Amino acid sequence: MKKTVLILVSGGLLLLSCNRNNNLSDAYGNFESVTVSVSSEANGKILSLQVKEGEELKAGEIIGIVDTTDHFLKKNQLLAQKKAIAARLIGIRGQIDVQLQQKANLMVEKDRITRLLAENAATPKQMDDLNGAIELVDRQVASIKTQNAGIIEEQVVIDRQIDQVNEAIKKCYIKNPIDGIVLVKYAEPGEVTILGKTLYKIADLSELELKVYVSGEQLPSVKIGQKVEVLIDRDKKSNRSLEGKVSWISQKAEFTPKIIQTKEERVDLVYGVKVRVTNDGSLKIAMPGEVNFIE
């Protein structure tokens, strides 16, 4: 999911002056919001996308699904392969059990031959033949266990492939990442989407940022975390006061935007400043605002 900053500034960002005698605010700007572009994590037809522009969504909410048919078919194929491998494992373990039983019988015979040798009732060749038979069984068991290890490795590979398919199926479910309001919807059910295609944009409007610009002369008086007075229009003649806090100050100067008004003469280089304001529902993206830096 790709994060972008929605900057809907209509121009008219004003620089500040510490002189309050003309009853103008220190700086002017427009509100903006950080938005999240929710993109598809899968390829296929969109079966469902329950999103409407202006709708409020909760973080973690499943709001849509992309067709998972191919993934389920692949998973069923892998499960069938895993079942076949399990059957081969059972057969190999059965072979090992047979060999071990044969070795147990030979060990019983070896004990009998040992007693007979002590009584001179058996020959050393009988013992040699028996030891050779036991050694042959051990080699056969080792060979079968080697095959068993290879099959177990095949099973591990199949399990990893199943995990990958499960993850692909999981990504077919479109999950909303943050609490917020849907700003724009780009896709509809029935359309075919691809990995990375933006489906909709959402923004958390519980807080907005008012971006203004200050001159280098005024920059030392502005600090991160500083409380400021934010003014928005109440009506045509009066303003409403809100509390804001400086959340960001640009470390690099930039040329003054083309459309800008100031309480002093136009300056060549300015610094961007963002003021974070809690939204009580009255703030909207691109709404103009004014800032007074509290001294």
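Author: Two strands count as paired when DSSP finds at least two bridges between them. Keep that in mind as we walk through this predicted model together.

Reader: Happy to. In what order do the four strands of the open sheet lie?

Author: Strands in a sheet pair through backbone hydrogen bonds, either parallel or antiparallel. Here the pairing is antiparallel, and the four strands of this open sheet run in the order 6-5-3-8.

Reader: Which are the edge strands?

Author: An edge strand here pairs on one side only. In this open sheet that description fits strand 6 (173–175) and strand 8 (192–193).

Reader: Let me look at one of those edges. Which residue of strand 8 is the bridge partner of Gly44?

Author: Strand 3 covers residues 44–49 and runs antiparallel to strand 8, with two bridges joining them. Two bridges are enough to count as a pair, because the cut-off is at least two. In strand 8, the partner of Gly44 is Thr193.

Reader: Now to strand 14. How many of its 10 residues are buried?

Author: Strand 14 spans residues 269–278 and is mostly covered. A residue is called buried when its relative accessible area is under 20%. In strand 14, the number of buried residues is seven.

Reader: How many bridges join strand 10 to strand 14?

Author: These two strands run antiparallel. One of the facing positions is Ser215, which stands opposite Val270 of strand 14. The number of bridges joining strand 10 to strand 14 is nine.

Reader: And which residue in strand 14 does Lys245 stand opposite?

Author: Strand 12 (residues 239–249) is joined to strand 14 by five bridges, and the two run antiparallel. The residue of strand 14 that faces Lys245 is Arg276.

Reader: Which residue in strand 14 is the bridge partner of Glu254?

Author: Strand 13 (residues 254–255) also runs antiparallel to strand 14, over two bridges. We have already met the partner residue, as it stands opposite Ser215 too. For Glu254, the bridge partner is Val270.

Reader: Is Asp268 buried or exposed?

Author: Asp268 sits in the loop between strand 13 and strand 14. Its C-alpha atom is 9.4 Å from that of Ala253, which is 15 residues away along the chain. Exposed means over 50% relative accessible area. At 62%, Asp268 therefore counts as exposed.

Reader: Over the face of which residue does Lys274 lie?

Author: Look for the ring, since this contact is described by the distance to the ring centre, within 6 Å by the cut-off. Lys274 is placed at 5.1 Å from that centre, and the ring belongs to Trp248.

Reader: How many aromatic pairs does the structure hold?

Author: To pair, two rings need centres that lie within 6.5 Å of each other. The count of such aromatic pairs in this structure is zero.

Reader: Which strand gives the largest share of the lining of the largest pocket?

Author: This pocket has a volume of about 190 Å³. Of its 12 lining residues, the closest to the centre are Ser33, Val34, Asp204, Glu207 and Glu209. Strand 2 (27–39) and strand 10 (207–215) each supply at least two lining residues. The largest share, four residues, comes from strand 2.

Reader: How many charged residues does the lining of the largest pocket have?

Author: Sorted by class, the lining has four nonpolar and two polar residues. The number of charged residues there is six.

Reader: Is Leu130 buried or exposed?

Author: Leu130 belongs to helix 2 (residues 124–172). Its C-alpha lies 6.6 Å from that of Lys110, although 20 residues separate the two in sequence. With a relative accessible area of 8%, Leu130 is buried.

Reader: What is the phi of Asn120?

Author: Asn120 is located in the loop between helix 1 (69–118) and helix 2. At 71% relative accessibility, this residue counts as exposed. Asn120 is not a glycine, yet its phi is positive, at about 60°.

Reader: And what is the value of phi for Ala286?

Author: Ala286 lies in the loop between strand 14 and strand 15 (288–293). It counts as partly exposed, because its relative accessibility is 26%. Again this is a residue other than glycine with a positive phi, near 80°.

Notes: Residues numbered from 1 in each chain as written. Predicted model: local features only at pLDDT ≥ 70, side-chain atom pairs only at ≥ 80, totals over all residues. Heavy atoms only, no water. Phe/Tyr/Trp six-rings, centres within 6.5 Å; stacked < 30°, edge-to-face > 60°. Lys NZ or Arg CZ within 6 Å of the ring centre and 35° of its normal. 1 Å grid on protein atoms, 1.4 Å probe; cavity = no way out; pocket = protein on both sides within 12 Å on 5 of 7 lines; lining within 4 Å. Points joined across faces, edges and corners; volume = space filled by probe spheres on them. Nonpolar A, V, L, I, M, F, W, Y, C, P; charged D, E, K, R; others polar. Buried < 20%, exposed > 50% of the residue type's maximum accessible area, 1.4 Å probe, protein only.
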